[in-house]
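The following exercises are meant for a reader who meets this structure for the first time. Each begins with a task and continues with a solution in steps.

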Amino acid sequence: MSQVSAGTTPHSTQFTHENIAFIGAGNMTSAIIRGMVKAGYPANMLMATNPSQEKLDVLANDLGIMTATDNAAALDFAETIVLAVKPQILADMCAALPESKQDKSYISIAAGVSVARIQEMLDAPVQVVRTMPNTPSAIGMGMTGLYAQNNTSTDLRICAEYCLKQVGETLWVTHEDDINTVIAAAGSSPAYLFMFAEAMQTKTQELGLTEQDAKLLVAQALAGAGKMLLENPDTDFATLRSNVTSKGGTTAAAIASFHTANLADIIADAMQAAVDRAREMQANI
Ligand SMILES: NC(=O)C1=CN([C@@H]2O[C@H](COP(=O)(O)OP(=O)(O)OC[C@H]3O[C@@H](n4cnc5c(N)ncnc54)[C@H](OP(=O)(O)O)[C@@H]3O)[C@@H](O)[C@H]2O)C=CC1
Ligand SMILES: O=C(O)[C@@H]1CCC=N1
C-alpha cells in the first residue's frame with residue numbers, strides 16, 4: 001500500500017492505492033487506466049475485464065495491468081469496481097456476477113443509470129459513486145462530474161475522485177439529476193465541437209484549401225480558443241468573443257450570420273435533447 005496525494009478534493013488530501021477493477025475495457029476504461037498508470041498508479045493494482053481478449057491484450061502489453069475475460073475475476077481482485085460497460089447491457093452484466101458483488105463498492109461511468117437502479121441491478125444497497133467523464137480524458141484533458149448519495153463513504157468518494165483526476169478536472173454535483181446536466185455540458189459536448197469542426201473543415205475545403213490544410217487551420221484554432229477559455233478563468237466567454245470581433249469587420253459578419261440562424265437556441269435545444277435522453281434512459285434501463 002502506498003500513500004499518495006489526491007490533490008485538491010473536497011473530502012481529503014490522502015488516497016491510499018488499492019486494487020481497482022474495471023468491468024468493460026472500452027474507450028473510457030482505456031482512457032482512465034492509461035491516465036492513472038501515467039500518473040504513477042501501480043499497474044499491478046489495476047485490472048480490466050472484457051469478453052473479447054484483443055482490447056485486454058493491448059492494455060496488458062502497453063501498461064502491464066491485470067486482465068481477465070471473466071468478470072468474476074474483477075470481484076476476486078478488488079473491493080472497488082468500476083462499471084464501464086454500455087448502459088443497455090449493465091443489468092445483464094450485473095445479474096451474471098457472483099454473490100460477492102453485494103460486498104463491493106462501485107464507481108459507475110454509465111450514462112443514464114441512477115444509483116438506485118445500480119443497487120437494484122446488484123441486488124444490494126451497495127455504495128456507488130456515479131460519474132460522468134468524457135473522451136478528452138484520453139489525453140489528460142477530461143472533465144468528469146461526480147455524484148454520491150449522502151451515506152456514501154468518504155473513502156469511496158476519495159477513490160473515485162482520485163481516479164478521475166488522473167485524466168483531467170473533476171466536479172462534484174449535489175443532486176443526482178445534475179449528472180444529466182454534466183452529460184449535456186461535458187460528457188457529450190466534445191461531439192458537438194467535433195461536429196462544428198467537421199462543418200468548418202468542409203467549408204474551408206469548399207473555399208479551396210486542401211483537406212490537410214483545412215484540418216490544421218480548424219484544429220489549431222479550436223485548440224487555441226479552448227486553451228484561452230481555460231487560461232482566462234476571470235474573463236467572460238463573451239469578452240473573449242468580443243476581443244476577436246472588430247467593429248464592422250469579418251468576425252462581426254460571421255457572428256451576425258450565427259445570430260440570424262439562432263445558434264444559441266440550436267445549441268440549447270441540442271443540450272436539452274441530451275438531458276431528455278439521459279432522463280429517458282434513467283426511466284427505462
Ligand atoms: N464514450 C464516451 O464519450 C463516454 C461514455 N460513457 C459511458 O462509459 C461507458 C462505456 O462507454 P465506452 O467506453 O464509450 O464504450 P465501449 O463500447 O468502448 O466499451 C464498452 C466495453 O464493454 C465491453 N463489454 C461488453 N459486454 C461486456 C460484459 N458482459 N462484461 C464486460 N465487458 C463487456 C465491450 O467489449 P466488446 O467491445 O469486446 O464487446 C467494450 O469493450 C458507457 O456506459 C457510457 O455511457 C461515459 C462518458 C463518456
Ligand atoms: O453518448 C453517450 O450516451 C455517452 C455518454 C456521454 C458521451 N457518450
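## Exercise 1: The shells around the ligands

Task: Describe the shell around ligand 2 by residue class, and then the shell around ligand 1.

Solution. The shell around ligand 2 consists of two nonpolar and two polar residues, with no charged residue among them. The model under study is a predicted one. The next step is to name the residues: Ala-111, Ile-183, Gly-187 and Ser-188 surround ligand 2.

For ligand 1, the shell is made up of 27 residues, and the closest are Gly-24, Gly-26, Ser-52, Ala-110 and Ala-111. Two elements, α1 and α4, each give two or more residues to this shell. Sorted by class, the shell around ligand 1 contains 14 nonpolar, eleven polar and two charged residues. Ala-111 is named for ligand 2 and also for ligand 1.

## Exercise 2: A recorded binding site

Task: State which residues the UniProt entry lists under "binding site", and determine whether Gly-26 and Lys-86 are buried, partly exposed or exposed.

Solution. An unreviewed UniProt entry gives, under "binding site", Ile-23, Gly-24, Ala-25, Gly-26, Asn-27, Met-28, Ala-84, Val-85, Lys-86 and Pro-87. These positions are spread over 65 residues of sequence, yet they cluster in space, with a largest C-alpha distance of 14.1 Å.

Gly-26 is placed in the loop that joins β3 (20-23) to α1 (27-38). Because 14 other C-beta atoms lie within 10 Å, Gly-26 is partly exposed.

Lys-86 belongs to the loop between β6 (80-83) and α4 (87-95). Here 11 other C-beta atoms lie within 10 Å, so Lys-86 is exposed. The cut-off used in this step is 12 or fewer such atoms for an exposed residue.

## Exercise 3: Asn-71

Task: Locate Asn-71, decide whether Asn-71 is buried or exposed, and list its contacts.

Solution. Asn-71 is also listed under "binding site" in the unreviewed UniProt entry. Its place is the loop between β5 (66-68) and α3 (72-77). The count of other C-beta atoms within 10 Å is 21, and therefore Asn-71 is buried. Setting aside neighbours within four places in sequence, Asn-71 is in contact with Ile-23, Thr-49, Met-93 and Leu-97. One of these contacts, Ile-23, is itself named under "binding site" in UniProt.

## Exercise 4: The nonpolar core

Task: Which residues have the most contacts inside the largest nonpolar core, and which helix gives the largest share of this core?

Solution. The largest nonpolar core has 60 residues, and Val-82 and Leu-83 are those with the most contacts inside it. Helix α6 (residues 154-165) contributes the largest share of this core, seven residues. Val-82 can then be followed further: leaving out residues up to four places away in sequence, Val-82 touches Ile-20, Ala-21, Phe-22, Ile-23, Ile-107 and Ile-109.

## Exercise 5: The two domains

Task: Give the bounds of the domains, the distance between their centres and the number of residues in contact.

Solution. Domain 1 covers 3-176 and domain 2 covers 189-284. Their C-alpha centres lie 31 Å apart. Eight residues of domain 1 are in contact with four residues of domain 2. On the side of domain 1 that touches domain 2, four residues are nonpolar, four are polar and none is charged.

## Exercise 6: Ile-285

Task: Where is Ile-285 placed, and which residues does Ile-285 touch?

Solution. Ile-285 is in the segment after α12 (263-284). Since it has 17 C-beta neighbours inside 10 Å, Ile-285 counts as partly exposed. Apart from residues up to four places away in sequence, Ile-285 touches Pro-87, Gln-88, Gly-112, Val-113 and Arg-117. Pro-87 also appears under "binding site" in the UniProt record.

## Exercise 7: Positive phi values

Task: Compare the settings of Asp-123 and Asn-262.

Solution. Asp-123 has a phi near 60°, a positive value in a residue other than glycine. Asp-123 sits in the loop between α5 (115-122) and β8 (127-132). With 13 other C-beta atoms within 10 Å, Asp-123 is partly exposed.

For Asn-262, phi is near 55°, a positive value in a residue other than glycine. Asn-262 lies in the loop between α11 (250-260) and α12. Asn-262 is exposed, because 11 other C-beta atoms lie within 10 Å.

Conventions
Residues numbered from 1 in each chain as written. Chains lettered and ligands numbered in written order. Predicted model: local features only at pLDDT ≥ 70, side-chain atom pairs only at ≥ 80, totals over all residues. Domains from an automatic or database assignment. Contact = placed C-beta atoms within 7 Å. Nonpolar A, V, L, I, M, F, W, Y, C, P; charged D, E, K, R; others polar. UniProt positions renumbered as here; feature names shortened; annotations may be inferred. Helix = DSSP H or I, 4+ residues; strand = E, 2+ residues; numbered from the N terminus. Buried ≥ 20, exposed ≤ 12 C-beta atoms within 10 Å, placed from the backbone. Core = buried A, V, L, I, M, F, W, Y, C linked by C-beta atoms within 7 Å. Near = placed C-beta within 6 Å.
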